[in-house]
Amino acid sequence: MTLPKIKHVRAWFIGGATAEQGAGGGDYHDQGANHWIDDHIATPMSKYKQYEQSRQSFGINVLGTLIVEVEADNGQTGFAVSTAGEMGCFIVEKHLNRFIEGKCVSDIKLIHDQMLNATLYYAGSGGLVMNTISCVDLALWDLLGRLREEPVYAMLGGKVRDELEFYATGPRPDLAKDMGFIGGKLPLVYGPADGAEGLRKNMEQAQAMREKVGNEFMLMWDCWMALDLPYAKKLMEASKELGFAWVEECFNPDDYWAYRDLKKAAGNRIMVTGGEHEATRYGFRMLLEYCDIDLIQPDVGWCGGMTELIKIGDLAASYGKMVVPHGSGIYSHHFVTTRRNSPFTECLMVSPKADQVVSQYYPLIKDEPMPVNGRLKVSDKPGFGVELNREGTNLHEVKKGQTL
Ligand SMILES: [Mg+2]
């Protein structure tokens, strides 16, 4: 079989700073009013009173969604979604396209290596550029799977478990328990700037939730980079008493020293986790080797894509550590179902009151399979097995040569 070449790569954006509020898509932070995800969550900006109540107030939703589509010269297309918005389109159209168009559809590793190395001088250690590379990489996996008529999980080596089990992220672990999830991860509300009083309120919430869900249900904290080491130690000690499974992403992603010291203080009594804003095998090597954290949480749409996540997953396995990807729906599911060291995975509750299971990418991806009773069997459809909702979303394009 002669595989076709890639004829075009196209990039679109929706939402973000230039579009209407609540546009929907890959940026789950770009939600309308009265959504839990924008309602007083501890952040690194919480120390500024005017930015304490809402993450959108400091601009968490300005980035917007990036959609990348690749088309083979036989007309077959593949696509993927991440968050990099208009600037991601610029990077694809002005820079990355030269490494994609004209290559064979199976040249995924070559394209990935060229994208990584050609952007080193401006990519930094993660963020916008890596989100964009990740999105291109996922679109290439989708295209190759469709051409080979194989699901991505089969191209990754096949399933090691038939069904995935999920925990839910949101403010209502009690509802998540009723919906069949195996655990619930609470967004932390108060941070170091709220002092002892805030810590007391956090733990009152934790205590109340523990009483609602019982002692057997898994509970965790998501700290979204908001803490300093002394505060994280206090939160961790108090949460350990309530049987919490882990404290997640306590620090600035570059503060490996704080992660290391928190893990040393934790011993093996409660897990220290992180990595959703980390990227590449090198960043994760720091978390695994230097920090010795218990469980890493790469986002396949941000960490360098599936091609990089394979390397990160293998690295974690060599350290005997778990990989439980951050959100990313269908893109994560195909990976998790192939990995022994990914025993369960995350479902981000993107309904406003965390009372329904909704696609993280709603309404951008049609018919995304969602967990039922906290479980999901990854489908056998080719590629990632989902379609782009072109009619229901307002896609914007940054054309070649056009000035932003
Ligand atoms: Mg998190």
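Start with overall dimensions. The chain has 404 residues and a radius of gyration of 20 Å, which agrees with the value near 22 Å for a compact globule of that length. That radius is taken over C-alpha atoms, and the globule rule is 2.2 Å times the number of residues to the power 0.38. The C-alpha trace spans about 60 × 45 × 40 Å along its principal axes.

A word on the source. This is a predicted model: local features need pLDDT of at least 70, side-chain atom pairs count only at pLDDT 80 or more, and totals for chains, interfaces and linings use all residues. Numbering runs from 1 along each chain as its sequence is written.

Now burial. Of the 404 residues, 52% are buried. Buried takes 20 or more other C-beta atoms within 10 Å of the residue's own, exposed takes 12 or fewer, and partly exposed lies in between, with C-beta atoms placed from the backbone. Next, contacts. Two residues are in contact if their C-beta atoms, placed from the backbone, lie within 7 Å. Among contacts with a separation of 6 or more, 71% join residues 24 or more positions apart.

Secondary structure next. The chain has 12 helices and 15 strands. These are DSSP runs numbered from the N terminus: helices are H or I with at least four residues, strands are E with at least two.

Take the open sheet. It has 4 strands, ordered β3-β2-β1-β15, with antiparallel pairing. Pairing here requires at least two DSSP bridges between the strands. β3 and β15 (396–397) are the edges, each pairing on one side only. β15 joins β1 over 2 bridges, antiparallel. Within that pairing, Phe13 has His396 as its bridge partner.

What lies across this sheet? Helix α1 lies across β1, β2 and β3, at about 160 degrees to β1. For that angle, axes are lines fitted to C-alpha atoms, for helices over the stretch in contact, and angles run from 0 to 180 degrees between N-to-C directions. α1 covers residues 85–94, and 7 of its 10 residues are buried. They include Met87, Cys89, Ile91 and Val92. The buried residues pack against β1 (6–14), β2 (65–72), β3 (77–83) and also α4 (128–148).

That brings us to the core. The largest nonpolar core holds 119 residues, and Val68, Cys135, Val136, Ala139, Leu140, Cys223 and Val247 have the most contacts inside it. α4 gives the largest share, 12 residues. By nonpolar core I mean buried Ala, Val, Leu, Ile, Met, Phe, Trp, Tyr and Cys residues joined through C-beta atoms within 7 Å. Beyond its neighbours within four places in sequence, Leu140 contacts Val70, Gly78, Ile108 and Ile111.

Stay on α4 for Asn131. Is Asn131 buried or exposed? Asn131 is buried, because 26 other C-beta atoms lie within 10 Å. Leaving out residues up to four places away in sequence, Asn131 touches Leu66, Ser82, Thr83, Ala84, Gly88, Gly301 and Trp302.

Last, the parallel strands. β7 (residues 246–248) and β8 (residues 271–274) pair over 3 bridges. Trp246 has Met271 as its bridge partner in β8. With helix α9 (residues 256–266), β7 and β8 make a right-handed β-α-β unit. Right-handed means that, with the strands pointing away from the viewer, the path from the first strand over the helix to the second runs clockwise. β8 also runs parallel to β9 (residues 295–296), joined by 2 bridges. Gly274 finds its bridge partner in Ile296. Helix α10 (residues 280–290) completes another right-handed β-α-β unit with β8 and β9.
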